[in-house]
Amino acid sequence: MAAASLDLQGLLARLDPTADVAQRHIWLIDVFDWLRGDRASPQAAVGRVSLLLDAVEARPELRGRLRAWWRAFTQAVDLTTLLADYGFAPRTAFVSELTERLRRKILPGTPETTDASDLFRMVLPGAFDAGWIALLDDAQLARIGNLLADAALDDDGAPRWRHTVMDAVTYCSSQVVAAGFSPELRLRMSAASESRAFHALMSDLDALREQMFRAPRNEDALQAAFLAFRDRLDACRASASSVYTHLEDNGISVGLVFRLRQLRERVLRIRELLDCLISPAPAPSVARLVGRLVLAGGERNSIRALIASNSSMLAAKVTERSAETGEHYITRDRGSYLQMVRKAAGGGALTALTVLLKFGIYSLALSAFWSGLWSGLMYAASFVAIQLLHLTLATKQPAMTAPAMAARLRDIKTDAAVADFVDEVANLVRSQVAAVLGNVGLVVPAMLALALLVQFALGRPLLDAAHAAATLQSLSLAGPTALFAALTGVLLFAASIVAGWTENAFVLHRLDSAMRYNPRIGAFLGAARARRWATFMRTHISGFASNISLGLMLGLLPAFAGFFGLGLDVRHVTLSAGQIAAAAASTGMAVLQQPALWWAVAAIPVIGALNVSVSFYFAFRLALRAHSVSLGDRARIRSAIWARWRSRPISFFLPA
């Protein structure tokens, strides 16, 4: 404590209200560095606050210098920008905001500034400061208020700090009104909620300002004006919240969600500022406000917080649309289970033709890029054909069904809700098992038949001995097949992201309505055909985006990876099963005696499991973020699923 006193005495000796701006601010930064100490505990910082107060109060001359310093500080620095705007991002673009945060982390700040926000960031930079500020008791806060009490009054006789806070309320309110009047929000508010709240907010604020600075003050009139303004503010917030209903029905925009969150945070900031003005003892309210400013500034400067916030909004944007599509892939009874097997069998038969075309493209001996591009286009065409024929490709389901599953987690507080969710998990796993069995069960005999047909027509096997052996070797479980299968699961998840994003954009921009009613499109297609195309695209746009993007990724990834020398490849369970069948048919019956065949066959269940589980895992995690499911609820869900697996494992494979 003696060393701390010596440091404190040195700090107090440097207190100079006549110093220039930079020196005054450096002194302030040093004071708060001294208060934090080694940041071992917030209680130690609170003890240093008491030590500082004792030292200043014991010397009247020091109290006078401190008040003069504070007067010079408030005259040079505009605190309204800190109170009104600190912690709010001025831009909606992710890249520009990320660039700004990186700039602040890399480039040092200067205390030679009159921007209160920049100075606040240097004086109170972290969450530790919010911790010890929250521990200050009422007596300490009152002592701080007395020391900083500014004898100077404005022309109307009110303390200057009240005008500063009221100006901050005005700036925040103007931002709320501007957001409410913006066409992006105004046109999406529900008819019932689109009231005159935003129109009257500033007039109610003017009435509150008049009562706040009237001399003598009428407390009853002031309270009435405060309640009127607060109610109007709540009405503005309710009107803005109605936009969420529109977004759920008509597509989600990240920019709009950002504006809505900013509006909500500004309303909360206004409430905090009003607490400082209206409270008979404002010191605790001011301390709470400062603590929240510290936390808001930390989040505003955090790159991790920016990524988390944007990923949450993107998750909502993607999963809302994918959830609608995914419902079609979940079977819940024996009839739908058998129907899924039949659709998957048809998809497997068509995939056999895809494998044949793949070998045909490889036989052309094109360069890596062109071979990958034509393979990707062929895959995309094949997947779209499977979609239009209402067949099923097994591994595309999990990434679509995961958002549909997570949508059921919005109300998961009761044990009955958890049990219902576990039932849906069992339904989902059964659906995937049925789809994989249907795909693989028919792609193998269909590929064998095609290979024999080609051999009969050409007079030679589909693959020569070297290519057949290389195919089996590349698909062996003893090689990197498992890694490539997991990578393919990531591609399946990425395709679902593209699908959700595309469908959301299609709905958000009302392209189906444009196709149906646009005069030029109607003149070109005809009214009836335009309506049919609009309905068709609204139904299939997600599938088209997913299938085309997946096909191109499957074809081009090996080419791009090879360009960088990574040696990556893809392993899709249905395509891999077809390739094994083609290699076996080209080799003949002797292949049954080759270990390479059985190593490749053993890889098929591993490929299928990894394709399904990896894509579902990433999609489900994304959907959990979108629905803000807590860690506690996630633990309850895992426990319930393991309990079902131990008691009724067969329910995950066959319907009751």
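Here are some exercises on a predicted model, each with a worked solution.

## Exercise 1: The overall picture

**Task.** Find how many helices and strands the protein has, and what share of its residues counts as buried.

**Solution.**
- Step 1: Start with the secondary structure. The protein has 28 helices and zero strands.
- Step 2: Turn to burial. Of its 656 residues, 47% count as buried.
- Step 3: Look at how contacts span the chain. Among contacts with a separation of 6 or more, 81% are between residues 24 or more positions apart.

## Exercise 2: One side of helix H9

**Task.** Work out which residues of H9 are buried, and where they sit around the helix axis.

**Solution.**
- Step 1: Locate the helix and its buried residues. H9 runs over residues 138–148, and Gln140, Leu141 and Leu147 are buried in it.
- Step 2: Check their directions. These residues cover an arc of only 125 degrees around the axis, so they lie on the same side of H9.
- Step 3: Recall a general rule. An α-helix has 3.6 residues a turn, so residues three or four places apart point the same way.
- Step 4: Go round to the other face. Exposed Asp138 and Asn146 are carried on the face turned away from the buried side of H9.
- Step 5: Ask what lies over the buried residues. The cover includes H3, H4 and helix H15 (282–301).
- Step 6: Finish at the N-terminal end. Aspartate 137 caps H9 there, with a side-chain oxygen 3.2 Å from the backbone nitrogen of alanine 139.

## Exercise 3: Glutamate 57 and its partners

**Task.** Place glutamate 57 in the structure, decide whether it is buried, partly exposed or exposed, and list what it touches.

**Solution.**
- Step 1: Find the element. Glutamate 57 belongs to helix H3, residues 42–57.
- Step 2: Compare its accessibility with the cut-offs. Buried means under 20% and exposed means over 50%. Glutamate 57 has 30% relative accessibility, so it counts as partly exposed.
- Step 3: List its contacts. Leaving out residues up to four places away in sequence, glutamate 57 touches Arg63, Arg143 and Leu147.
- Step 4: Look at one of these partners. The side chains of glutamate 57 and arginine 143 are joined by a polar contact of 2.7 Å.
- Step 5: Compare sequence with space. Asparagine 146 is 89 residues from glutamate 57 in sequence, yet their C-alpha atoms are 10.0 Å apart.

## Exercise 4: Two helix pairs

**Task.** Describe how H2 packs with H4 and how H20 packs with H26, giving angle, handedness and residue classes for each pair.

**Solution.**
- Step 1: Take H2 (residues 21–36) and H4 (residues 60–76). Their axes come within 11 Å and cross at roughly 115 degrees, and the crossing is left-handed.
- Step 2: Name the residues that meet. H2 contributes Arg24, His25, Trp27 and Leu28, while H4 contributes Leu66, Trp69, Ala72, Phe73 and Ala76.
- Step 3: Sort them by class. The contact of H2 with H4 has seven nonpolar residues, one polar and one charged.
- Step 4: Move to H20 (residues 415–458) and H26 (residues 573–587). Their axes are 8 Å apart, at an angle of about 35 degrees, and this crossing is right-handed.
- Step 5: Pick out some residues. Those in H20 include Val440, Val443 and Met447, and those in H26 include Ala577, Gly578 and Ala581.
- Step 6: Sort this contact too. The contact of H20 with H26 has 11 nonpolar residues, four polar and no charged.

## Exercise 5: Unusual backbone spots

**Task.** Identify what is special about the backbone at arginine 39, alanine 365 and the bond from alanine 215 to proline 216.

**Solution.**
- Step 1: Recall the usual case. Most residues other than glycine have a negative phi, and most peptide bonds are trans.
- Step 2: Inspect arginine 39, in the loop between H2 and H3. Its phi is positive, about 60 degrees, although it is not a glycine.
- Step 3: Inspect alanine 365, in the loop between helix H17 (334–362) and helix H18 (368–388). Alanine 365 has a positive phi too, of about 55 degrees.
- Step 4: Compare their surroundings. Arginine 39 is partly exposed at 42% relative accessibility, whereas alanine 365 is exposed at 65%.
- Step 5: Check the bond. The peptide bond from alanine 215 to proline 216 is cis, with omega near -5 degrees. Proline 216 lies in the loop between helix H12 (197–212) and helix H13 (219–250).

Notes: Residues numbered from 1 in each chain as written. Predicted model: local features only at pLDDT ≥ 70, side-chain atom pairs only at ≥ 80, totals over all residues. Heavy atoms only, no water. Helix = DSSP H or I, 4+ residues; strand = E, 2+ residues; numbered from the N terminus. Buried < 20%, exposed > 50% of the residue type's maximum accessible area, 1.4 Å probe, protein only. Contact = heavy atoms within 4.5 Å. Polar contact = N/O pair within 3.5 Å; in protein donor to acceptor, adjacent residues only side chain to side chain. Axes fitted to C-alpha atoms, helices over the stretch in contact; angles between N-to-C directions. Left-handed = near helix turned anticlockwise from the far one by under 90°. Nonpolar A, V, L, I, M, F, W, Y, C, P; charged D, E, K, R; others polar. Arc of directions from axis to C-beta.
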